[in-house]
Amino acid sequence: MKKSFLLLSFFVPVIFMTTNLFPVDKDRIVLLKTEEPVIHFKIWFNVGSKDDPKGKEGLAYLTAAMLNEGGTKNLTYSEIIDKLYPFAAGYRASVSKENTVYSGSVHKDNLNEYLEIFLDQLLNPGFREEDFNRLKQEAISFITTTLRYSSDEELGKAVLYNELYKNTPYGHLDAGSVSSLNSITLDDVKEFFITYYNRNNFILAIGGGYDDALIDKVWNTLEKLPDGKINPTKTVEPAAVSGLSVVIVEKKANATAISMGYPISILRSDPEWYPLALANSWLGEHRNSSSHLYQVIREARGLNYGDYSYIEYYPNGGWRSKPPVNVPLTKHLFEIWIRPVPNNAKHFALRAALREFTKLSVEGLKPDDFEITRKFLEKYVLHYAPDTDTRLGYALDDKFFGISAPGHLKKFRDKMGSVTLDEVNSAIKKYFNPENMVIVFITPDAEKLKNALVNNDASPIEYQTPKPNSVLEEDKEIINYKLKIKPENVKIVQVEELFN
Amino acid sequence: MLINKFLVKIIFSVLILSAATVQAGGVFPFKVQRVNLKNGFKAILIPIKGSGLVSYYTVVRTGSRDEWEPGKSGFAHFFEHMMFRGTDKYPLFDSVTTTIGADANAYTSDDLTVYHLNFAAEDLEKVMDLESDRFMNLNYKKDEFMTESGAVYGEYRKGITNPFEVLFEKFQDMAFDKHTYKHTTIGFEADIKDMPNQYDYSLTFYKRYYRPENCVLVITGDFDPESTAKMIEKYYSAWKPGYVAPKIEPEPVQTAPRERTVEYDGKTLPIVTIGYKCDAFDVKNKEYMAILPFADLAFGENSDLYRKLVLEEQKVQFIAGDAPMKRDPFPFMIYTRVKSESDIDYVISEIEATIEKYKTELIDPVKLEGLKKRMKYGFLMRLDSPEAVASSLPMYITLTGDITVIDEYFDALMSVTPEDIRNAVNHYFVKTGRNQVILKGN
């Protein structure tokens, strides 16, 4: 190993090209050349869990799993592990609602041997019955044990997403349900694969320290995928949320997880998205103490570990500190995430969060808060894409949203230099809607909570530690803060009933 | 923030193992400069030009291991939260980082607490002023302290729905009698509940451990090392030494195997954890160095056992081995999640049979060489941003006080032979040092 490899020229200005360097359709190739010794591949297929046939939800997920851990015609999965092991390299197909991204990274010393397997996996997948059965069981176990029981926060989000997008192609878990997984056969997987993993239905992205000859090599190999149609992207239209409706997932738990939101009619390609993102950052920048909800619920009152808001789909928020890439939707959602609070503070925490959201919606952002958040984002956005792999992810998302050069993140930063308070407040008025939301609780004593919610019972709060008068005065308003929740809009489900 | 312990273990073992294979004469591929102040404070500077970003990591060589007094478990982590509560000069720490769009956070583990910021290069002096100030002049009010304890309890509640958190808590409690590794980083629930009453103790904690001799600063990214060195002298020289070492009792030699079954209040597939008492991190300890690659070779994803239990028989969801990288002795751990309760005994017998096998048989030398290569590439591929470089160093620093150990560590690992591994397996995997916890759902 040569030492000089890493004497970091990684960070030379990124050369970002979708140019005519080679003869293939430039619209389907994204390149990001750096001087790092690693090469990154991402192949975006226009297929996601939205394409799962009815009754076979989870098919896209299982198909991807068969690429991840199903081996090729030539090599079993364990033979692949053996071959890739010394390279510390692997590959993975990740399914989201709109897309599946097949990606991998390798040190350039090992490129050729790696590439052969990486591409062979797509061209000649193994599709063995024993792997299929194992991976199907794993998917079922993920639903019945991991999702239902190991993190109430992720469970709350999953229930919220299913509820908001019900009766649309987004209205199920990517992993499907227990019964739909059981109904999927290996033949279903093969057919799904041939239909969607075709040579017209992908975008190729390559980043890092590659030679230009590599582009043709990869492209020409991918041309050998079966012929097929481009899978069009159709805008999903979930029903509008009317009023406040509540889903209480009853479960024995010593704390309550809360998620709430509604579908939002704005995409990052819309000029109003950036001012709205500023407002949202003030209200609830993910995993950041600058979040106002965090300040009110955690900082001043110590009720939980954090409180955040979003204007885009943000899966696996509990496991990441910066926004995810390659999970775009045609219809995103506004979401508030209240991390677990003591059971006796759940009604109070909901009121506190909705009260703040309502105040922002009605009063708009204050000039000081606007200025602080504007300055914050101008630099903070730099941290969203610290490495080549993530930058490639953003570039692919730009293609999905039709955002041209210099790309979303640069536009985001630039806009923070010129955005006005009026733009922010007008976006707030247009897109923030605290009166129409779906609220999900993961909690014990569901019936008691339902009664308290629909009757607008006071929700007194007792602190174990002293609080300043300003907090106690504000609490008086929160404790009796009125929420219009009708009994017919409250649904109670048992955790065992979910995702069956 | 408390790092998920399971993740920490995995991440740390990857890092350490990865570091292991760099050739003698230059494991770490960056130029390193050091600043040593008279008060014992040390800074490690690694300029990486071009990104416009700087990563700033302060490593406090104190973690939950240092919570030696009864009733104080979880305090290192709690104190990490308090470090964000401001000083007279900067009463609102967070508002300063917000203004400059810095990404600021912290984490605590058994052996260390790390405060980290990523920010635009032009803000380096402002950050140094802010950071040095809170390490010297932290000043929070009692009611702020009490409120923050609620957030820590919230963090405990968030974590405890994860069966692995429950498992770690019960395992460490059982496997240790005297040493502070008896508790996990988040601490015992009773101690967390009592945190609001520990204001005075928190001041003691700060005075004992937040001292220049116990902290190391790492700066990576786009900065000029010469002017930064002067800046460090300016901002950190006034910090008074006075570190008081914790009175940690050594763990007595375990004399009989220990077993326990734990019920998890929720549904989960059973999780089996087996731990054999091992040694502290020590690159000069030949048995210890030889047991490190054994974790992957015997239980990793290309091991015979993984192939058998995960892929062929499909009895378990996963299996993994984890060799300890800690300041004091900790067990060598094996984790597996069994799909059917009726297979638990069988899976345990297969794990034990694997260990017994390698007491007499030699590891395949081709696999050992493959692993060494994997370590090298794993290490190199991870260093893909200034932050990634900075974040890969705290563990080495807390274990040894510097990063020079990376070279020694690599050299020692590269020289491990199949015979060394066989000796180490015989040395560590003895019945009297065995601990087993089985967690079952309800």
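This short talk covers the domains of chain A and the contacts of chain A with chain B.

The model is predicted, so local features need pLDDT of at least 70 and side-chain atom pairs count only at pLDDT 80 or more, while totals for chains, interfaces and linings use all residues. Residues are numbered from 1 along each chain as its sequence is written, and chains are lettered from A in the order in which they are written.

I start inside chain A. Its domain assignment gives domain 1, 12–222, and domain 2, 244–497; such bounds come from an automatic or database assignment. The C-alpha centres of the two domains of chain A lie 30 Å apart. Their contact takes 32 residues from domain 1 and 33 residues from domain 2, where contact means that C-beta atoms, placed from the backbone, lie within 7 Å.

Which elements supply at least two residues each on the domain 1 side? They are strands S2 (29–33), S3 (38–45), S5 (100–107) and S6 (202–208), together with helix H5 (152–164), in chain A. Helices (H or I, at least four residues) and strands (E, at least two) are DSSP runs, numbered from the N terminus. H5(A) gives the most to this side, with 10 residues.

Now the other chain. In chain A, 64 residues are in contact with 55 residues of chain B. Helices H2 (77–84), H4 (129–149), H5 and H12 (367–380) and strands S5 and S10 (332–342) of chain A each supply at least two residues of the side that touches chain B. The largest share of that side, 7 residues, comes from H12(A).

Terms used
Contact = placed C-beta atoms within 7 Å.
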